[in-house]
Amino acid sequence: MRVLEALARVGAVVLTGLARVGTVVLLAASAGYGFVAGARRWVPCTDYFDSAECVVAQAHETERLPELAHPEGVSLLLLGGALLCLALLGSLPRGWRVVALTVGPTYALIGADTLSWVGRTVAPGPAEPHVLDALFALVVFAAPVVMVGVAVVLFARSAVGPGPRWLHPDRPLALAWFAMAVGWPITEFFVLSLFHASYDAPPGTGLLRSTMVVVAAVLVVWHVVSRTAYRAVPQAASTTSPGLSRSPAATSEA
């Protein structure tokens with residue numbers, strides 16, 4: 001039994017380490033592809049937002065702009081994997097961890113849908129509504145609420161324990177989830193629409209998300225560094241505790 005418990009602990013440590021490294025690597029790669037896609041959507045709009053080229057670039061159905069769909073779809077797929085890894089980090093309760101694990105696949109589905117538009121021809125006439133489309137739309141709108149909820153839980157967890165709160169490893173993870181909520185496609189659409197009302201994808205779509213992805217990657221690195229520093233706080237406190245400086249006889253008498 002002890003051997004199995006030791007193997008389980010080693011496996012958990014290895015899995016967590018891989019999740020940390022994977023989160024940073026996938027976030028960085030997603031940001032790189034996202035900035036490429038965002039720039040390709042932004043460049044046609046630098047002179048005039050209502051130009052024909054800019055109107056094409058604002059279309060979400062990127063079959064007319066395959067050079068945009070490829071990096072944008074890949075960026076979202078990588079981001080889905082990064083959020084799956086991110087959901088494994090931090091002291092989340094089991095129920096919240098299960099909920100957090102749903103966000104990554106949602107991003108991956110959006111990326112797969114974006115890639116599927118390459119080379120697709122739009123059929124004439126209105127499309128028939130589908131139950132799966134309605135369910136997917138509900139998940140997409142609910143995802144930022146889930147991310148904010150996960151962030152709030154991690155913030156609450158970071159208020160417990162010794163040491164400075166800013167050193168708690170759950171604090172940067174909470175901020176990372178907040179950053180991803182700001183960069184969520186629906187949130188990004190409403191933010192950018194304040195500057196230019198677009199029927200689909202305002203100019204600059206993808207740039208805000210990619211910026212938030214970079215912020216999240218930096219915060220995960222902060223999490224790794226603060227975890228080491230935070231674990232050293234109780235040890236330092238114990239070595240300087242007055243109770244430890246007393247003799248065994250004195251402590252037994254007390």
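Buried means under 20% relative accessible area, exposed means over 50%, and partly exposed lies in between. Keep these words in mind for the close-ups below, which come from a predicted model.

**Figure 1. Tyrosine 107 and tryptophan 184 meet as an aromatic pair.** The structure holds three aromatic pairs. In this one, the ring centres are 4.4 Å apart and the planes stand at 65°, so the pair is edge-to-face. Tyrosine 107 belongs to helix H5 (residues 103-116), while tryptophan 184 sits in the loop between helix H7 (170-182) and helix H8 (185-193). With their positions 77 residues apart, the two link distant parts of the chain. Are these residues buried or exposed? Both tyrosine 107 and tryptophan 184 are buried.

**Figure 2. Here are the surroundings of tryptophan 184.** Leaving aside neighbours within four places in sequence, tryptophan 184 touches Val103, Thr106, Tyr107, Ile110, Val140, Ala143, Pro144 and Met147. Tryptophan 184 is also part of the largest nonpolar core, which has 36 residues. Along with Leu27, Leu83, Trp177 and Met180, tryptophan 184 is among the residues with the most contacts inside that core. Which helices each supply at least two residues of this core? They are H1, helix H3 (66-87), H5, helix H6 (131-158), H7 and H9. H6 gives the most, with eight residues. In soluble globular proteins, nonpolar side chains tend to be buried together.

**Figure 3. Phenylalanine 189 and phenylalanine 190 form another edge-to-face pair.** Their ring centres are 5.6 Å apart, with 70° between the planes. Phenylalanine 189 has a relative accessible area of 25%, so this residue is partly exposed. Phenylalanine 190 reaches 51%, which means that this residue is exposed.

**Figure 4. Tyrosine 33 has contacts beyond its sequence neighbours.** Look for tyrosine 33 in helix H1 (residues 2-42). At 39% relative accessibility, tyrosine 33 is partly exposed. What does tyrosine 33 contact, leaving aside its neighbours within four places in sequence? The partners are Pro71, Val74, Ser75 and Leu78. Tyrosine 33 and leucine 78 are 45 residues apart in sequence, and their C-alpha atoms are 9.1 Å apart in space.

**Figure 5. A nonpolar patch appears on the surface.** Phe35, Val214 and Val218 make up this patch, and together they have about 240 Å² of accessible area. Valine 218 can be found in helix H9 (residues 207-239). Why does valine 218 count as exposed? Its relative accessibility is 54%, and the cut-off for exposed is over 50%.

How values were computed:
Residues numbered from 1 in each chain as written. Predicted model: local features only at pLDDT ≥ 70, side-chain atom pairs only at ≥ 80, totals over all residues. Heavy atoms only, no water. Phe/Tyr/Trp six-rings, centres within 6.5 Å; stacked < 30°, edge-to-face > 60°. Helix = DSSP H or I, 4+ residues; strand = E, 2+ residues; numbered from the N terminus. Buried < 20%, exposed > 50% of the residue type's maximum accessible area, 1.4 Å probe, protein only. Patch = residues over 30% accessible without salt bridge, like charges linked within 9 Å, V, L, I, M, F, W, Y side chains within 5 Å. Areas by Shrake-Rupley, 256 points an atom, 1.4 Å probe, with all protein chains shown as cover. Salt bridge = Lys/Arg side-chain N within 4 Å of Asp/Glu carboxyl O. Contact = heavy atoms within 4.5 Å. Core = buried A, V, L, I, M, F, W, Y, C linked by side-chain atoms within 4.5 Å.
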